[in-house]
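Colleague: I am new to this structure and should be grateful for a close look at a single helix and its surroundings. Please describe which residues face inwards, which face outwards, and how the part is connected to its neighbours.

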Amino acid sequence: MIKNVVLDIGNVMVSFYPDLYISQFVYRKGEIDYFNKICFNSEEWKQGDTGDASRVDIINSICKKYPEDAEKIHQIMDNCDEMLRASEKNTSLLKKLHNAGIGVYFLSNTNPEAFDYMTSRHEFFKYMDGGIASYQDGLIKPGKDIFELFLSRYEKLAEDCVFVDDTPVNTEAAAAVGFNTVILKNIDDLSMELCKFPELNAIINL
């Protein structure tokens with residue numbers, strides 16, 4: 001029986017579309033792909049998620065590696081958390097689940113700057129009972145350790161939880177630990193996907 005909903009944040013509770021964001025600063029697809037790769041798909045960016053580097057350190061390191069693009073890198077990255085826009089639809093859904101007694105948690109690869117930005121602005125955290133932000137514990141998905149940490153920290157059984165993520169490799173890791181899982185292909189489909197679980201369907205469609 002599903003008693004807890006455990007959610008990734010990016011593209012589950014907030015939109016995270018670097019390509020679209022970067023297109024404000026460069027216009028050709030090749031350039032967009034290039035800056036996405038060196039900024040948001042870089043080893044430096046992952047160091048933020050593990051808590052090993054600050055945003056300033058990340059930007060400085062990328063600029064040092066690509067000095068000819070430093071000005072554009074700053075334009076893209078200095079205020080990049082602004083792309084993290086909350087889904088009002090999914091915020092309302094979380095409120096409904098929370099008020100019905102379902103445990104609602106986050107489990108997300110994120111960095112301190114992004115996490116502080118979101119928690120200071122987005123209402124949905126009020127309806128969460130806790131969670132794990134990767135940088136705080138130095139563990140990231142898809143490593144199984146982060147899922148095992150969640151279960152031990154919150155004293156949950158994996159079979160009582162459904163984990164939602166937009167990345168298949170992450171849901172596969174959660175399933176290997178025993179979670180029920182949902183691969184969310186579209187942020188607007190969260191309610192529909194959770195309704196596949198009868199106990200959640202009964203709450204969502206009240």
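Modeller: In this predicted model, helix α10 spans residues 168-177, and its buried residues are Asn170, Thr171, Ala173 and Ala174. Viewed down the axis of α10, these buried residues lie within an arc of 155 degrees, so they line one face of the helix. The general geometry of such helices is helpful here: an α-helix has 3.6 residues a turn, so residues three or four places apart point the same way. On the face of α10 turned away from the buried side, one finds the exposed residues Glu172 and Ala176.

The surroundings of the buried side can also be named. The buried residues of α10 pack against helix α9 (144-154) and against two strands, β6 (161-165) and β7 (180-183). These strands, β6 and β7, pair with each other in the parallel sense, over four bridges. In one of the pairings, Val162 has Asn180 in β7 as its bridge partner. The chain runs from β6 through α10 to β7, and this β-α-β crossover is right-handed. Helix α10 therefore has two roles in this description: its buried residues line one face of the helix, and they pack against β6 and β7, the strands that α10 links along the chain.

As for the end of the helix, α10 is followed by Gly178, and the phi of Gly178 is positive, near 115 degrees.

Methods: Residues are numbered from 1 along each chain as its sequence is written. This is a predicted model: local features need pLDDT of at least 70, side-chain atom pairs count only at pLDDT 80 or more; totals for chains, interfaces and linings use all residues. Side-chain values use heavy atoms; hydrogens and water are left out. Buried means under 20% relative accessible area, exposed over 50%, partly exposed in between (1.4 Å probe, protein chains only). The arc is that of the directions from the helix axis to the C-beta atoms. Contact means heavy atoms within 4.5 Å. Two strands pair if DSSP finds at least two bridges between them. A crossover is right-handed if, with the strands pointing away from the viewer, the path from the first strand over the helix to the second runs clockwise.
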